[in-house]
Amino acid sequence: MARARTGFMHGLYVWLVIFLGCGLLVSMLRLQPVDIDFLREYLVFLVLGVLAEWFVVSLPQGSLSVGFAVVLTSFLLFDTSATVLISVLSALLGNLVISKDGSFRTTLFNGAQYTISAVGAAYAYYYVGGLTSDKISVPNILPLLVFVLSYFVINHLLVNIFLWPSCRHYTWSMWGAALKWDIYTYLFSTPVGILMFLIYNKTGLLGAALLFIPVLTLKYLLRLYINLEMANRELSVLYGVAQSLGASLDMAETLGLILTESRKVVSYHTGIIYLWHEEEQLLIPSAIRSPYADKLKKISFSLDEGIVGMVAKTGQPEIVYDTKKDRRLRSMPGITQFLRSLLVVPLMVEKKIIGVVTIGKKEPYAYGPKHMQILTILGGQAAVAMANALLYKKIEKLAITDGLTKVYNHRYFYKKFEEEYQRSQRYGCKFSVIMIDIDYFKRFNDEFGHKAGDTALFTVAKIIKTNTRNIDTVARYGGEEFAILLPETDSGDAKIVAERIRKAISETVFRIADDKPPVGVTVSIGVSSYPADTKDPQQVVELADQALYYSKEHGKNRVTVWSQMNLTPANKES
């Protein structure tokens, strides 16, 4: 709802500016028709204005242009109507020819905001007593400064409101950088405009036009220099990314670094890293940088599903220039609902997919082949780092997991036990321990073989996992014995869990071989709790073990809670 409201308000603002600009243009031409005697001059300045639009030097948070030099020279030489007309036509022709997104609305907005800026600046100029002739003179310095400042403020305000939805993630430093380059543009363009006016008065139209050509050449060289600087910056960032990614083996940290470092070279509104989960056969979002993270984290993709799945399957990166014009994405949920440009790059190691990184912006045609190349290089580095993190995680998991039953091992159980004990000391929490032992397991192994015994152990472990919570720790304690640590659980609730496990195991049919009938298995269980049964952490497991052996000695296939054992307190202590 908020997103729709923001989009509506932005669209309303754009069309209000367009209609206001059109109204002002028509009014100006009616009140002050252009002098056709200067038609040749108008055409020459129009060409210079279009060239100024073409040779804009793009920067990460701003741009450099000499378009204002043409506006200022036109204002000094002609009337306000001619200035407005040259500004508008320069913007329209320049944008229609070089605009990559083909957004007619954006082109109209540019023309309209130039109209409003020029009319507003001219009004301010005459309001403070600006001269209609002899505009370059000492008495007219203040009005000229007012004209420049008014044009700058109006233009800057209109453009930044227009850009706000796609630049809301900008930091104050980024907004400051954009403002700095705008100020540099006007500090450079104003003297050029005044110089063109003076040369025009001395040598005519040809002299003013010839002055503008070396200015454009200088801008072209500056653009080449900026591009080289950006390439050098990108290489430096890529080198820094490689160092940063290589320093971490934690998967969550690695994924966060990838998205953070990517933004330094390829800006985005939303960034998502999907990891390939073999068991679920899904690409699941594992790291997100977006205002809509809560919604996006619920959307996963299978191979062949959406552009994310397609990229994962083909292993080829994709650029989506405009999601609204791409038929493949019309029914795709998630990011295509609010992003217009997408870059989707596979993360692969040795031709094996491990994930997909997707970034996007709200405006169309925001990315090109250069961006894809940079993100692909970054994705290659990221994939290696992720593979290392996954390998480390796998090794770490193997170190704490029992190889046969796939539950935790004895060592990890005691690690979690110590953590839970420390937590109980800090917050006064309770916890319980359940000890489980398979009845007659030696006889089972002797009769059916060790392979059948391994199958029984694996199945019992699986049943225990199914009947416990995610916060509980299930471990193979040793041989045919299992242990469960249950945080925030007293002996009564632990007994309910234990009974559920005992019943589930006793009702399970174990198929040991195709040529043999299925058999059943039972377990004996003991339960103890901290601090109700003992305040000594070393005794908690021991008491559960005592309760387990009580179950063994009293018929097996039963649950015994240590505090409810049919023993005297003295016997319990012994």
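Okay, let's start with two helices. The axes of helix α14, residues 441-448, and helix α15, residues 450-466, come within 7 Å of each other and cross at roughly 135°. That makes α14 oblique to α15. And just so everyone knows, what we're looking at is a predicted model.

So which residues of α14 and α15 meet? From α14 you have Phe441, Phe444, Asn445 and Phe448, and they meet His450, Ala452, Gly453, Ala456 and Leu457 in α15. Sorted by class, this contact has six nonpolar residues, three polar ones and no charged ones.

Stay with α15 for a second. This helix lies across β8, residues 431-438, along with β9 and β10, and it runs at about 10° to β10. Those strands belong to an open sheet of five, ordered β9-β10-β8-β11-β12, with mixed pairing. At its edges you find β9, residues 473-478, and β12, residues 559-561, each pairing on one side only. On average, neighbouring strands here are turned by 20° against each other, ignoring direction. Zooming in, β9 pairs with β10, residues 481-487, in the antiparallel sense, over five bridges. Valine 474 has isoleucine 484 of β10 opposite it.

Around here there are some backbone oddities. As background, most residues other than glycine have a negative phi, and most peptide bonds are trans. Now look at tyrosine 440, in the loop between β8 and α14. Its phi is positive, about 55°, although tyrosine 440 is not a glycine. With 44% relative accessibility, tyrosine 440 counts as partly exposed. Glutamate 488 also has a positive phi, near 55°, and sits in the loop between β10 and α16, residues 491-506. Glutamate 488 is partly exposed, at a relative accessible area of 41%. Then there's the peptide bond from tyrosine 530 to proline 531, which is cis, with omega near 0°. You'll find proline 531 in the loop between β11, residues 523-530, and α17, residues 537-553.

On to the other five-stranded sheet. How are its strands ordered? The order is β4-β3-β7-β6-β5; the sheet is open and the pairing is antiparallel. β4, residues 282-289, and β5, residues 318-320, are at the edges with a single partner strand each, so one side of each has no neighbour in the sheet. The twist from one strand to the next averages 20°. Inside this sheet, β6, residues 341-349, and β7, residues 352-361, make an antiparallel pair over nine bridges. For valine 345, the bridge partner in β7 is valine 357.

Last stop: the inside. In soluble globular proteins, nonpolar side chains tend to be buried together. In our model, the largest nonpolar core has 43 residues, and the ones touching the most other members are Phe45, Phe68, Phe78, Phe147, Tyr151, Met196 and Phe212. Helices α1 through α8 each supply at least two residues of this core. Which helix gives the most? That's α3, with eight residues. Set aside its neighbours within four places in sequence, and phenylalanine 45 still has a good list of contacts: Val70, Thr73, Ser74, Leu77, Phe78, Ile86, Ser90, Met196 and Leu205. Apart from that core lies another, of 30 residues, including Phe441, Val497, Ile505 and Val519. And Phe441 takes us back to where α14 meets α15.

Methods: Residues numbered from 1 in each chain as written. Predicted model: local features only at pLDDT ≥ 70, side-chain atom pairs only at ≥ 80, totals over all residues. Heavy atoms only, no water. Axes fitted to C-alpha atoms, helices over the stretch in contact; angles between N-to-C directions. Helix = DSSP H or I, 4+ residues; strand = E, 2+ residues; numbered from the N terminus. Parallel < 35°, antiparallel > 145°, perpendicular 65-115°, else oblique. Contact = heavy atoms within 4.5 Å. Nonpolar A, V, L, I, M, F, W, Y, C, P; charged D, E, K, R; others polar. Core = buried A, V, L, I, M, F, W, Y, C linked by side-chain atoms within 4.5 Å. Buried < 20%, exposed > 50% of the residue type's maximum accessible area, 1.4 Å probe, protein only. Pairing = 2+ DSSP bridges.
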